[in-house]
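Open the model in your viewer and set it to cartoon view. The stops below are given in the order in which to select them.

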Amino acid sequence: MTWTLTPERFDAPDAARLLRDYYDELASRYWKRPATEAEIDEGLTDDGVDRLAPPTGRLVVGRFDGVAASCVGVFLDRTTATAELTRVYVRPAFRGTGGGGLLMAAAEDVAREAGMRLLRLDTRSDLVEARGLYAKHGFREIPAYNEGPYADHWFAKEL
C-alpha cells in the first residue's frame, strides 16, 4: 500500500470532492452536528479556493493505492516569501497510514520550490489531531498573524 502526491487543479473531480469532504468535517465538528449539503455549498461559495492555482498557490492531492485520500493547499505570497497552509485534510479511513506527514513534506516542497522562506498556518482548538501533526513536523506556535473567526492557534516553520 503506497501514497502518491501530485499537484492538481482545485476544481478537478477528486480535488473538488476532497475539498467538500474537508469542509463537511470542519463544519460538522464545529457545529457538533452533521453539516447539511446546503451549508456545505454555502461555506464553499467564494471561499478563495481559486487562489490555490498558479501563480498564487497550489493544491496537492494524496492518493493511497490510487484512491483520492488527502489534500493540502499552499498559498504563496511572493512579496513576503511566506507560504500559508490551508485545507490540510486526510479522509478518516486513511488516517494513521502516514499520509499527514507526506502532506506536510509536499507542502514544504511546494513552498521551497516557489522561493518561500516561511511556512505558516492557523487552526482551531478542537482540531487537536491537526495541531499534533504540525508540532510533530517542526511547526512551532507563534503569536496571531491574522484575525480569522475560526483561528485559535497559529504555527510557523522556517524553510
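This tour of a predicted model starts with the sheet, moves along its strands and ends at a pair of helices.

**The whole sheet.** Select the strands first. Seven of them form an open sheet, in the order β1-β2-β3-β4-β5-β7-β6, with mixed pairing. At the edges stand β1 (3–8) and β6 (140–142); each has a single partner strand, so one side of each has no neighbour in the sheet. From one strand to the next, the twist averages 30°.

**The β1 edge.** Select β1 together with β2, residues 57–64. These two strands are antiparallel and share six bridges. Show two pairs as sticks: Trp-3 has Phe-64 of β2 as its bridge partner, and Leu-5 is opposite Gly-62 of β2.

**Strand β2.** Keep β2 selected and turn on a surface for the rest. How many of the eight residues of β2 are buried? Seven are, so the strand is largely enclosed by the rest of the structure.

**The β2–β3 hairpin.** Add β3, residues 67–77. β2 and β3 run antiparallel, paired over eight bridges. One place to check the register is Arg-63, which stands opposite Ala-68 in β3. The two strands form a hairpin with two residues between them. Centre on Asp-65 in that turn: its phi is positive, at about 50°.

**Strands β4 and β5.** Move along the sheet to β4, residues 82–90. Its pairing with β5 is parallel and covers three bridges. Ala-83 has Leu-119 of β5 as its bridge partner.

Now select β5 alone, residues 118–123, and colour its side chains by face. Leu-119, Leu-121 and Thr-123 lie on the covered face. Leu-118, Arg-120 and Asp-122 lie on the uncovered one.

**Thr-123.** Stay in β5, where Thr-123 sits. Is Thr-123 buried or exposed? Its relative accessibility is 5%, and since buried means under 20%, Thr-123 counts as buried. Beyond the residues up to four places away in sequence, Thr-123 touches Ala-130, Arg-131, Tyr-134, Tyr-150, Ala-151, Asp-152, His-153 and Phe-155. Show these as sticks around it.

**Helices on the sheet.** Select helix α3, residues 99–113. Helix α3 lies across β1, β2, β3, β4, β5 and β7 (153–158), and runs at about 155° to β4. Next select helix α4, residues 128–136, which packs on the sheet and touches β4, β5 and β7. The direction of α4 makes about 160° with that of β5.

**Helices α1 and α2.** For the last stop, select α1 (residues 13–31) and α2 (residues 37–44). They pack at an angle of about 110°, and their axes are 10 Å apart. That angle makes α1 roughly perpendicular to α2. Their crossing is right-handed.

Which residues of α1 meet α2? They are Leu-19, Arg-20, Tyr-23, Asp-24 and Trp-31. On the α2 side, the residues are Glu-37, Glu-39, Ile-40, Asp-41, Gly-43 and Leu-44. Colour the contact by class to find five nonpolar, one polar and five charged residues.

Notes: Residues numbered from 1 in each chain as written. Predicted model: local features only at pLDDT ≥ 70, side-chain atom pairs only at ≥ 80, totals over all residues. Heavy atoms only, no water. Axes fitted to C-alpha atoms, helices over the stretch in contact; angles between N-to-C directions. Helix = DSSP H or I, 4+ residues; strand = E, 2+ residues; numbered from the N terminus. Parallel < 35°, antiparallel > 145°, perpendicular 65-115°, else oblique. Left-handed = near helix turned anticlockwise from the far one by under 90°. Contact = heavy atoms within 4.5 Å. Nonpolar A, V, L, I, M, F, W, Y, C, P; charged D, E, K, R; others polar. Buried < 20%, exposed > 50% of the residue type's maximum accessible area, 1.4 Å probe, protein only. Pairing = 2+ DSSP bridges.
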